[in-house]
Every structure is written in C-alpha cells, then in structure tokens.
Amino acid sequence: MTEATQPEKLVQSFLLGSKQSRSGQRRLTLLSKIAHLGSLNAAAKACGMSYKGAWQAVEAMNQLADTPLVHTQKGGAGGGGMVLTPAGESLLQAYRLFEQQMQAWLETLSQQPPEMLDQLDLIRRMSMKTSARNQFFGTVTHIETGAVNCDVTLQVRDGLRVVAQITPASLERLGIAVGSDAYALIKASFVILAKDDGMQTSARNRFCGKVRSLDKGAVNTDVTLDLGGQQQVSAMITNQSCESLGVAEGEPFCALVKASHVLLAVAE
C-alpha cells in the first residue's frame, strides 16, 4: 500500500487499527512472506523483524485463531521450514480481498469533511476498554533503548507527556516506533500525591493540577486532579494520607508516577 495522506490515515486507523503501529498488518504481511518463502527466518528478514519477534507474532496469531494458521516442517532436503495451514491460507486470501475493498472505501471516505474524519478517530480511541483509571493517548516522540529496558516518551499534548519504561521485547511486540500512536495506562493505586511545592523526586512522571473531586470510602479516598485541557488523573490514597496532606477541592497537588508503573497499549 502506498503512503497514505492524513485523511487516509484516519480512515485506516478506524478500519485496521493504528496506522503507525500497523501490528495487525505486519502480522498478515509476515503470513504472506511465510507462504511465499517457506521459512520463518527468511520471512522475518523480509519484514524487517527479528526472528524472536516473528516467532512471537506467529504464536500470538495461532493463539487468537480457532485453528493454527502455520505449522513447521522438520527435516527434508531444505532442512525444514514453515508453511501456512489451510486456515492460514484462507485468512490470507480474505485479507487480500479486504485490502482491495478498503482501497475503494478510502477513495470514498477520504472525501468526507475533516470534522467527520475526526469523529472516526475519536470512535477508535473510545473502543478500548481497560481497568486502569488513568488513560493518556498520544504520539511517541522519543525512544531510548537499553539492554534491559526502553524509555518511551509519549506526547499527549503541549506541556503534557508521559514516560513509560518497558522491555525491548515488549517494544518490538507492540510495534512501537517514533511517530506511533499509543495509550499510556496507569492504575490509580500507582499514583503518589504530593503538594505542588517544587519538591524534586525520582519519579519520571509529574502531573500537576488542582483537586477536582474526592470520593472518600471506608479506608481509601479516590482523588482526581484536573490537569487542564480536558485531562485528569486519579489517585487512590488512604484516608489518613488524605487528611495529613490536607487534600481538598481546589488545592494544588501533583501526581507522581514511576515510569515502570506505566503500561503502554496500541490499537490492534
């Protein structure tokens, strides 16, 4: 497929998930290469993936399907390989047909006014369900790769960014790269509240705002901070901590979150 225009990207995001991450498309492209080359190693190289990443993708597809999509062949003159099962061939054929039809849809839908395309993008964002109270949607602007962990910076809006620390394997499995759309998920119990007094901490994420609401329970209090720009963050703290900190509606506070406590998700 050719490089899409901005309207086409929004339509593709709605139809096939995140255009930038393209995880579903990459997996189906991998299937196509396996069918053509008969080898997972060769297919991985053709897709620009590591062998481990390709193997994990194959395992994920087999687990999601009702019947296995690929199987390995051992021995023989070629030393064995990997081929598609009838179910895999059927899936690949359906995908190719769908891709052809999608081109026709794109030609029609991309002519819609920008405000309609914005609604499609919003629908895509709303389709994900998670138990995490705090959800931030943005674009990956920086990735610092290490031997054990990777720091991924997600720009949510001007003045608001989230840093997540994930493993290189997770980075590859999610297909995250600079420019990808992603969700940062943070459980309310992972958020530490601190007074907005300029105190320096080791937490990579610092979200400051004013207390919007408090929901006090028997043991804990659910505190929500208004960060501005329709963005908020919730923290679950003990009633004792709430009282000792003097948390009250309208008071300025900061939410502190370690990068290792941030989960990243992408649209499939």
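A residue counts as buried here when its relative accessible area is under 20%. Threonine 85, in this predicted model, comes in at 9% relative accessibility, so it falls on the buried side of that cut-off. You'll find threonine 85 in the loop between β2 (81-84) and α5 (86-109). What does it touch, once residues up to four places away in sequence are set aside? Threonine 85 touches Pro68, Leu69, Val70 and His71. With proline 68 there's a polar link too: the backbone oxygen of that proline lies 2.6 Å from a polar atom of the threonine 85 side chain.

Now step back to the whole chain. Its secondary structure comes to 8 helices and 12 strands, and buried residues make up 39% of its 268 residues. Take the contacts between residues at least 6 apart in sequence: 60% of them join residues at least 24 apart. On the outside, the chain exposes about 14,900 Å², with carbon and sulfur atoms supplying 51% of that area.

The aromatic rings come next. A pair of aromatic rings is described by the distance of the centres and the angle of the planes. The structure holds 2 such pairs. In one of them, phenylalanine 136 and phenylalanine 207 are stacked, at 5.3 Å centre to centre and with 25° between the planes. Phenylalanine 136 sits in strand β3 (residues 134-145) and phenylalanine 207 in strand β8 (residues 205-216), so this pair ties together parts that are 71 residues apart in sequence. Both of these phenylalanines are buried.

Phenylalanine 137 and tyrosine 183 also pair up, but tilted: 5.0 Å centre to centre, 55° between the planes. This pair links distant parts of the chain, with phenylalanine 137 in strand β3 and tyrosine 183 in strand β6 (residues 181-186), 46 residues apart. Phenylalanine 137 is buried, and tyrosine 183 is as well.

One more ring is worth a look: lysine 187 lies over the face of phenylalanine 190, at 5.5 Å from the ring centre.

What about the nonpolar interior? In soluble globular proteins, nonpolar side chains tend to be buried together. The largest nonpolar core in this model has 34 residues, and Phe136, Ile176, Leu193, Phe207, Leu225, Val247 and Leu264 have the most contacts inside it. Follow leucine 225 outwards, leaving aside its neighbours within four places in sequence, and you meet contacts including Leu193, Phe207, Val211, Val233, Phe253, Cys254 and Ala255, along with Lys210 and Arg212. Apart from that core lies another one, of 18 residues, among them Leu28, Leu31, Ile34 and Tyr95.

Key. Residues numbered from 1 in each chain as written. Predicted model: local features only at pLDDT ≥ 70, side-chain atom pairs only at ≥ 80, totals over all residues. Heavy atoms only, no water. Helix = DSSP H or I, 4+ residues; strand = E, 2+ residues; numbered from the N terminus. Buried < 20%, exposed > 50% of the residue type's maximum accessible area, 1.4 Å probe, protein only. Contact = heavy atoms within 4.5 Å. Areas by Shrake-Rupley, 256 points an atom, 1.4 Å probe, with all protein chains shown as cover. Phe/Tyr/Trp six-rings, centres within 6.5 Å; stacked < 30°, edge-to-face > 60°. Lys NZ or Arg CZ within 6 Å of the ring centre and 35° of its normal. Core = buried A, V, L, I, M, F, W, Y, C linked by side-chain atoms within 4.5 Å. Polar contact = N/O pair within 3.5 Å; in protein donor to acceptor, adjacent residues only side chain to side chain.
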